[in-house]
Amino acid sequence: MEYYITVAGIGPGSPDYLLPAASKAIANASVLIGSRRALTAFSRKDQKSYVIGSDIEGVLAYIEKAVAAEDVVVMVSGDPGFYSLLAALKDRFGSAKLKVIPGISSVQLAFARIGRFWQDALLLSMHGRRADDGALAFQPGKKMGFLTDGKHNPAFIAELLIKLGWPPATQCWLCENLSYDNENIAALTLEEGSKVTGFHHCVMVVSDE
Ligand SMILES: C[S@@+](CC[C@H](N)C(=O)[O-])C[C@H]1O[C@@H](n2cnc3c(N)ncnc32)[C@H](O)[C@@H]1O
């Protein structure tokens, strides 16, 4: 019998933004894998679970062993297709072994919260990586959405964009804890953003409108 790895996007965090298809897969899972926060929110005691931490090879090895005997469900934040464990799972197991359930990306929710469309936006991740300066350079009318982290935080990105020619008065929005009770959205200029503290893991939208 062939067993599969379901990669379920769980959205930005609140169960209000979890698709029913993902909810069903998670409820029916006998092996459930995810961040500590996701497992706390969605796992039950009768399910086998494994926490995704910094040891990605350890997670992949656990999945490899488990999927030889039964189906496995891996929860990832937001949408699996946008900077998630899906890339490593595809490399290790191949797409034919995977069933992907989409989720609402934190980027989608950020643009929705600020009432703007993202069809013309350049979407980049600065979470654990650094985007190319060429991609970040200013162009009139340009719109960008970033995933951020503690190092490449909004203050770092705002300062970098000003150095790369963005007008300091350009509007930006910092969106943290999206979908949670402590959701916080700040509308600033890039100059103000370059001095801001906090907002480490958030979505930053920058737009020359
Ligand atoms: C590994 S990436 C995962 C992105 C995810 N696949 C998605 O589609 O949203 C983690 C980053 O996503 C962003 N993020 C995830 N959940 C968020 C939330 N609830 N509020 C704000 N940003 C969030 C932060 O930039 C965080 O550092």
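Me: How far apart do the C-alpha centres of domain 1 and domain 2 lie?
Reply: Keep in mind that this is a predicted model. The domain assignment splits the protein into domain 1 (5-104) and domain 2 (107-207). Take the C-alpha centre of each one, and the separation comes out at 27 Å.

Me: And how many residues of domain 1 are in contact with domain 2?
Reply: On the domain 1 side, the touching residues sort by class into 5 nonpolar, 3 polar and 1 charged. Domain 2 brings 9 residues to the contact, and the count for domain 1 is 9.

Me: What about the ligand: which residues come nearest?
Reply: The shell takes at least three residues from each of domain 1 (5-104) and domain 2 (107-207). By class, that shell divides into 10 nonpolar, 11 polar and 3 charged residues. Of the 24 residues around the ligand, the nearest are G78, S105, S106, L147 and L178.

Me: Which helix and strands each supply at least two residues of the shell around the ligand?
Reply: S106 is one of the residues that come nearest to the ligand, and S106 is also on the list of buried residues in helix 5. Helix 5 does count here, along with two strands. The full set is helix 5 (106-113), strand 8 (171-176) and strand 10 (202-207).

Me: Is helix 5 mostly covered or mostly exposed?
Reply: Look at S106, V107, Q108, L109, A110 and F111: these are the buried residues of helix 5. They pack against strand 6 (122-125), strand 7 (143-147), strand 8 and strand 10. With 6 of its 8 residues buried, helix 5 is mostly covered.

Me: At what angle does helix 5 run to strand 10?
Reply: Helix 5 lies across strand 6, strand 7, strand 8, strand 9 and strand 10. Helix 7 (residues 154-163) packs on the sheet too, touching strand 7, strand 8 and strand 10, and its direction makes about 20° with that of strand 10. For helix 5 the angle to strand 10 is about 55°.

Me: In the open sheet with mixed pairing, what is the order of the strands?
Reply: The edges are strand 6 and strand 9 (184-189), each pairing on one side only. Inside the sheet, strand 7 and strand 10 pair in the antiparallel sense over 5 bridges, with G145 opposite V205. Neighbouring strands are turned by 15° against each other on average, direction ignored. Reading across the 5 strands, the order is 6-7-10-8-9.

Me: Now the open sheet with parallel pairing: what is its strand order?
Reply: Here the edge strands are strand 3 (48-51) and strand 5 (98-101). Strand 2 (residues 31-34) joins strand 3 by 4 bridges, and 2 bridges join strand 2 to strand 4. Strand 1 pairs with strand 4 over 5 bridges. Put together, the 5 strands have the order 3-2-4-1-5.

Me: Which residue of strand 4 stands opposite T6?
Reply: Strand 1 and strand 4 run in the parallel sense. On the strand 2 side, L32 has V73 opposite it. T6 faces that residue of strand 4 as well, namely V73.

Me: Why is strand 4 described as largely enclosed by the rest of the structure?
Reply: One side of strand 4 carries V72, V74 and V76, the other V73 and M75, and both faces are covered. Strand 4 is also among the strands that helix 1 (residues 20-28) lies across. The enclosure follows because the buried residues of strand 4 number 5 of the 5.

Me: Y83 isn't a glycine; what is its phi?
Reply: Y83 lies in the loop between strand 4 and helix 4 (86-93). Because 20 or more neighbours inside 10 Å make a residue buried, Y83 counts as buried with its 21. Its phi is positive, about 50°.

Me: Does N177 count as buried, exposed or partly exposed?
Reply: N177 also has a positive phi, about 55°, although it is not a glycine. You'll find N177 in the loop between strand 8 and strand 9. The cut-offs are 20 or more neighbours for buried and 12 or fewer for exposed, so with 17 C-beta neighbours inside 10 Å N177 counts as partly exposed.

Conventions: Residues are numbered from 1 along each chain as its sequence is written. This is a predicted model: local features need pLDDT of at least 70, side-chain atom pairs count only at pLDDT 80 or more; totals for chains, interfaces and linings use all residues. Domain bounds come from an automatic or database domain assignment. Two residues are in contact if their C-beta atoms, placed from the backbone, lie within 7 Å. Ala, Val, Leu, Ile, Met, Phe, Trp, Tyr, Cys and Pro count as nonpolar, Asp, Glu, Lys and Arg as charged, and the others, Gly among them, as polar. A residue is near a molecule or strand if its C-beta atom, placed from the backbone, lies within 6 Å of it. Two strands pair if DSSP finds at least two bridges between them. Axes are lines fitted to C-alpha atoms, for helices over the stretch in contact, and angles run from 0 to 180 degrees between N-to-C directions.
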